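Thank you for passing this model along; my notes follow, arranged so that they can be read beside the coordinates.

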Amino acid sequence: MIPRPFEYHVPRTLAEAISLLNQYGDTAKLLAGGHSLLPMMKLRFAEPGHLIDLGKLTELKGIREVGDEIRIGAMTTENELIGSKVLQEKCPLLIEGARQISDPQVRYRGTIGGDISHGDPGNDHPTLMIALDASFVLVGEHGERVVAADGFFLGTYMTQLEPGEIMTEIRIPTPAAGTGCCYAKLKRKTGDFATAATAVTLRMNREVVADVRIVLTNVAQCSLRALAAEQALRGKPLDDEHIAEAARLAMSVCEPAEDLRGDIEYKTAMAGEMTRRALSTALARATH
Amino acid sequence: MSKKIMVSFKLNGTQTDVVVEPRELLIHTLREKCLHTGPHIGCETSHCGACTVDVNGMSVKSCTMLTVQAEEAELLTVEGLAKGGELHALQEAFMQEHGLQCGFCTPGMLIRAYRLLQENPNPSEEEIRYGMSGNLCRCTGYQNIVKAVQYASAKLRGETVTTSHPLMAEVSAH
């Protein structure tokens, strides 16, 4: 319950935050919503010497459309995602996903940028981001770079974020009209991390799959794209037989960790089942 | 030991200044420095919601927020719900509908329900259960908490309310 002592900093600008981050190096941690970091500090899994609170950086908040992209500030909260008109109209997958993350209180504080930067395989946004073909703006001392979500996640708590960098924005190509999507999540109770979950984005061309993305949560070291399953579906009708084959191929890439949510066999089977359900629902929501 | 910081916030309408170490959790400041001991601590993993307070119009688990993050914030705890000695509709509702037993989760439940009804004045049962899912209760089985939130929601919308609880109805009749 009691974290170790640390020094607290509240930068007023992004430049100031980056300068503090560089000044204190790996003894510093960025504080966003605080709903992963503080729990770890309370259990003394993390013991940073300095916390740099991004809470006053309003420039890192907000959801807007720029051209054919939806741009979301990294400090935008889950609750703000759920309430967003832009997302309701243009990117309902993100709302469906966010509604399944944690509970109301946590969603008032937890941010999309924090959920992604944490790199926990149990988190839902990494999967949603890959399914939506998002990219992330990372800003450091020497300027900014934009990195694709697909490939950003390297392992448990490991991402392409370099020391001294801050994720400032999430960019999502506005999904084409008629795109079907679904996030199917199996969990033991509301507020729990997934036993297994699958995000699907799908475009149909008449009766066959024009394009599809299938991404899995919490069944490997990090969110996992089921490429072989996607490949097997392109150009094919999305009937029971092809859905079953895609689920089988998705299961073949799973490497879940055994824990209280279940053993390897169970989680793998559930990843297959979530894939089946996500594909069927996405199909029902897609315009042919 | 890290240096202490003065933090100023408004607690139930009263300007309040406290001096804290950066690591001090808001729940501890509220309970130990401000002596608002209504908000409780039921876990150390941010699940139970017994510590829920309203911060700048949001329901927040005060065990997962540093007091230094509350600088300039407007805080509402259960102690601030009743006005002029009169119970808030939610407090009356939890009593009338028997929405508490041991009372340990109740301050968090009330403050969460307060925000839920601000955002959704006429929630369905499903919306209440989903909207209260950050708050655990060991005693009630939630059923009467749902009824209490429905009672308060009706009262706040200006409707005439009566308790659905048979024993409470009998008490009220005498």
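The points below deal with chain A first and then with chain B.

1. To begin with the caveat that applies throughout, this is a predicted model, and the values quoted here are computed from it. Chain A contains 11 helices and 14 strands, whereas chain B has six helices and five strands.

2. As to overall dimensions, the C-alpha trace of chain A extends over about 60 × 45 × 35 Å along its principal axes. A compact globule of 288 residues would be expected to have a radius of gyration near 19 Å, and the value for chain A is 19 Å, so the two agree. Buried residues, meaning those under 20% relative accessible area, account for 56% of the 288 residues of chain A. The accessible surface of chain A amounts to about 12,000 Å², and carbon and sulfur atoms contribute 50% of that area. If one takes the contacts in chain A with a separation of 6 or more, 61% of them are between residues 24 or more positions apart.

3. Turning to annotation, an unreviewed UniProt entry assigns "domain: FAD-binding PCMH-type" to residues 1-177 of chain A. In the model, residues 1-177 of chain A are 31% helix and 25% strand, and the C-alpha atoms at the two ends of this span are 48 Å apart.

4. Within chain A there is an open sheet of three strands, in the order β1-β3-β2 and with parallel pairing. Its edges are formed by β1 (7-9) and β2 (28-31) of chain A, each of which pairs on one side only. On average, and ignoring direction, neighbouring strands of this sheet are turned by 25° against each other. The parallel strands β1(A) and β3 (residues 50-53) of chain A are joined by three bridges, and A:Glu7 has A:His50 in β3(A) as its bridge partner. Helix α1 (residues 14-24) of chain A lies across β1, β2 and β3 of chain A, and its direction makes about 170° with that of β3(A).

5. A residue that you may wish to locate in the display is A:Leu43, which sits in the loop between α2 (37-42) and β3 of chain A. Is A:Leu43 buried or exposed? With a relative accessible area of 34%, A:Leu43 falls in between and is partly exposed, because the partly exposed class lies between the buried limit of 20% and the exposed limit of 50%. Although A:Leu43 and A:Arg4 are 39 residues apart in sequence, their C-alpha atoms are 9.4 Å apart in space.

6. Strand β10 (residues 166-173) of chain A deserves separate comment, since seven of its eight residues are buried. Strand β5 (residues 69-73) of chain A runs antiparallel to β10(A), and five bridges join the two; here A:Glu69 stands opposite A:Pro173 in β10(A). Strand β6 (residues 135-140) of chain A also pairs with β10(A) in the antiparallel sense, over five bridges, with A:Phe136 standing opposite A:Ile170 in β10(A).

7. Further along chain A, four strands form an open antiparallel sheet in the order β11-β12-β13-β14. Because β11 (180-186) and β14 (224-225) of chain A stand at the edges and have a single partner strand each, one side of each is left without a neighbour in the sheet. Two bridges connect β14(A) with strand β13 (residues 208-217) of chain A in the antiparallel sense, and A:Val215 has A:Arg225 in β14(A) as its bridge partner. Helix α11 (residues 264-285) of chain A packs on this sheet, where it touches β11, β12 (196-205) and β13 of chain A, and its direction makes about 30° with that of β12(A).

8. For chain B, the elements run β-β-α-β-β-β-α-α-α-α-α from the N terminus on. The C-alpha trace of chain B spans about 60 × 35 × 30 Å along its principal axes. Its radius of gyration is 17 Å, which agrees with the value near 16 Å for a compact globule of 174 residues. Of the 174 residues in chain B, 56% are buried, and the accessible surface comes to about 8,100 Å², with 52% belonging to carbon and sulfur atoms.

9. Finally, an unreviewed UniProt entry places "domain: [2Fe-2S]-binding" at residues 77-150 of chain B. In the model, this span of chain B is 50% helix and 0% strand, and its end C-alpha atoms lie 21 Å apart.

Key: Residues numbered from 1 in each chain as written. Chains lettered and ligands numbered in written order. Predicted model: local features only at pLDDT ≥ 70, side-chain atom pairs only at ≥ 80, totals over all residues. Heavy atoms only, no water. Pairing = 2+ DSSP bridges. Axes fitted to C-alpha atoms, helices over the stretch in contact; angles between N-to-C directions. Contact = heavy atoms within 4.5 Å. Rg over C-alpha atoms; globule rule 2.2 N^0.38 Å. Buried < 20%, exposed > 50% of the residue type's maximum accessible area, 1.4 Å probe, protein only. Areas by Shrake-Rupley, 256 points an atom, 1.4 Å probe, with all protein chains shown as cover. UniProt positions renumbered as here; feature names shortened; annotations may be inferred.
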